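Thanks for sharing this one. Here are my notes, as numbered points, for you to read alongside the model.

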Amino acid sequence: MLARVQSGAVLGIDPFPLAVEVDNHPGTNLFFMVGLPDAAVKESKERVGSALKNSGFRYPRGVVVVNLAPADIRKEGSALDLPIAVGMLAASEQLSGDRFADYAIAGELALDGSIRPVVGALSLAIGARDEGLRGIVVPAANAPEAGVVQGVDVIPVATLNEAAAFMSGGADIAPHVTDLKALFDGSGNRAPDLSDVKGQAHVKRALTVAAAGAHNLLMIGPPGTGKTMLAARLPGILPDMTFEEALETTRVFSVAQLTSAKQALIVRRPFRSPHHTASTVSIAGGGPGQQPHPGEVSLAHNGVLFLDEVPEFNRSAIEVLRQPLEEGLVHIRRAIYSVTYPSRFMLVAAMNPCPCGCRTDPYRQCRCTVGQIQRYLSRLSGPLLDRIDIHVDVPSLPFEQLADDRPSGPSSAEVRAQVQAARDRQRARYQGRFGSNAELDEKALRELCTLTDGCKALLENAMTRMGFSARAYDKALRVARTLADLEDADAIAEHHIAEAVQYRSLDREIF
């Protein structure tokens, strides 16, 4: 008898439908699996066989042929155990029902018939919804994650017997629905407060502007001036994630196996801070095996990627940031796979002005030669610096400010309210076309950032004296648009342009 069970797989973070076709006919007891299965899929024969017997079912007699369609795509992982087992039961006439056409199935089987969680359950649920299916049967441990998808029934099962009973119509299992409101309400804000950082009012202003427009930021200053402390407080002033942003970010974390039942949906913007010894692959993603993994640029999607002491990173690891900063995507091509991960993030980097760090410190003397300073600064290429919207210097603080016990400047909650208002203004203006000012393309810049003659004169002077590139010119316009949004202004004024130009420290050759 021939049986067909619907399932799915994940490529990158994108789902694609799979059909598990099982044919059982008389003959010598043989088992064949075709359709480009990898080693983990081939090993399902032993797992499925033991799970069937230990669950009280009979292993099919005769010839069993399992086809994983489409046959030209490599199948990986253990999520096909459960659909193969259900297909074998249906093909051997131990199971029948009318739910096979309406539900997809995914799950890994243990030898005793219990069902273990799989990778990418959220993407699989989205794939079932997009295919117009009524629902998807998933391991109970994956139900909170898959349950955030609306428009599809997520059926949690803990054992092969439960899955078989549901597919045959012998048991009804209530769909799992994740309480999205509770997830968002319970996310909280655990970031340290911005007012804890002494002084540095102009750097806090730059952080506010960066958060309001999702702009990339580079902080330059001597050691111990608070660069890392300021970056750690950035999550506390970032705006709320929309449901669409949370869903896409969770899909990345799901395929990276970083979700849990307690964290079914990523509702707080991620803050990733890799060590400076991180490899190019760990930053960009990929890996040596058949199953690629998202890198730090994708795990920071819709959040912040913080690189402390950025010149100390491997040159290739830094340069790999160019494409995701420009496109919001990272394309990974290897001999056996090709995947694309989303990677739209805020890059926040910190560095010293020289190898010893004392070049701009009024209290310590720099010991670096001119050649050492040039080599140090040249570790950040011009094209990469062009992609960073805001450069700001972080000076050493005098004793009076360090000894002051009073809160310094506005709190994170107060700044976050300003940032949220500016982001809401941007979303209302762009109507889904762009998520923030930092995403504006050249055409939108010309349409939405009209300038007065005074503004044009300021920018012309900046380009002439500071040698702005075309990309730096566009970056200054985007920052000026954000400054206007923070003031709830419809038009860009001259003081917005002047402040935006001041955020190009490296173009001004201060360092």
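1. Let me begin with the lining of the largest cavity, which divides into nine nonpolar residues, no polar ones and no charged ones. The model is a predicted one, and in it this lining is made up of Leu-307, Val-310, Ile-318, Leu-321, Leu-347, Ala-349, Leu-380, Leu-384 and Ile-388. The volume enclosed is about 40 Å³. With the threshold set at 30 Å³ or more, the count is one cavity.

2. The largest pocket has a volume of about 890 Å³. Among the 35 residues of its lining, Arg-344, Ser-436, Ala-438, Glu-439 and Leu-440 are the closest to the centre. By class, the lining of this pocket has 17 charged residues, nine polar and nine nonpolar. If you would like to trace the lining by helix, α10 (243-255), α14 (322-327), α18 (412-430) and α21 (470-486) each supply at least two residues.

3. The second largest pocket holds about 520 Å³ of space. Its lining has 29 residues, and those nearest the centre are Ala-9, Val-10, Glu-76, Gly-77 and Gln-291. Here the classes come to 16 nonpolar, 10 polar and three charged residues. Strands β1 (2-11) and β16 (338-342) each give at least two residues to this lining, and the largest share, four residues, is that of β1.

4. Now to helix packing. Two packed helices are described by the angle between their axes and the distance between the axes. For α3 (residues 81-91) and α6 (residues 160-167), the angle is about 55° and the axes are 11 Å apart. An angle of about 55° falls outside the ranges for roughly parallel, antiparallel or perpendicular helices, and α3 and α6 are therefore oblique to each other. Their crossing is right-handed. On the α3 side the contact is made by Leu-82, Ala-85, Val-86 and Leu-89, and on the α6 side by Leu-160, Ala-163, Ala-164 and Met-167. By class, this contact of α3 with α6 has eight nonpolar residues, with no polar and no charged ones.

5. Helix α21, one of the contributors to the lining of the largest pocket, also packs against α8 (residues 201-213), at an angle of about 95° and with the axes 9 Å apart. The range for roughly perpendicular runs from 65 to 115 degrees, and α8 and α21 are therefore roughly perpendicular to each other. From α8, the residues Arg-205, Thr-208, Val-209, Ala-212 and Gly-213 meet Val-479, Thr-482, Leu-483 and Leu-486 of α21. The contact of α8 with α21 divides into five nonpolar residues, three polar and one charged.

6. Two places in the backbone are worth a look on either side of α3. Most residues other than glycine have a negative phi, and most peptide bonds are trans. Which peptide bond is cis, with omega near 5°? That is the bond from Ala-69 to Pro-70, and Pro-70 sits in the loop between β4 (63-69) and α3. In the loop between α3 and β5 (103-105) you will find Glu-93, with a positive phi of about 60° although Glu-93 is not a glycine.

Notes:
Residues are numbered from 1 along each chain as its sequence is written. This is a predicted model: local features need pLDDT of at least 70, side-chain atom pairs count only at pLDDT 80 or more; totals for chains, interfaces and linings use all residues. Side-chain values use heavy atoms; hydrogens and water are left out. On a 1 Å grid over the protein atoms alone, a cavity is a set of points where a 1.4 Å probe fits but cannot get out, and a pocket is an open set with protein on both sides within 12 Å along at least five of seven lines; lining residues have an atom within 4 Å of a point. Grid points are joined across faces, edges and corners, and a volume is the space filled by probe spheres set on the points. Ala, Val, Leu, Ile, Met, Phe, Trp, Tyr, Cys and Pro count as nonpolar, Asp, Glu, Lys and Arg as charged, and the others, Gly among them, as polar. Axes are lines fitted to C-alpha atoms, for helices over the stretch in contact, and angles run from 0 to 180 degrees between N-to-C directions. Angles under 35 degrees count as roughly parallel, over 145 as roughly antiparallel, 65 to 115 as roughly perpendicular and the rest as oblique. A crossing is left-handed if the near helix is turned anticlockwise from the far one by less than a right angle, and right-handed if clockwise. Contact means heavy atoms within 4.5 Å.
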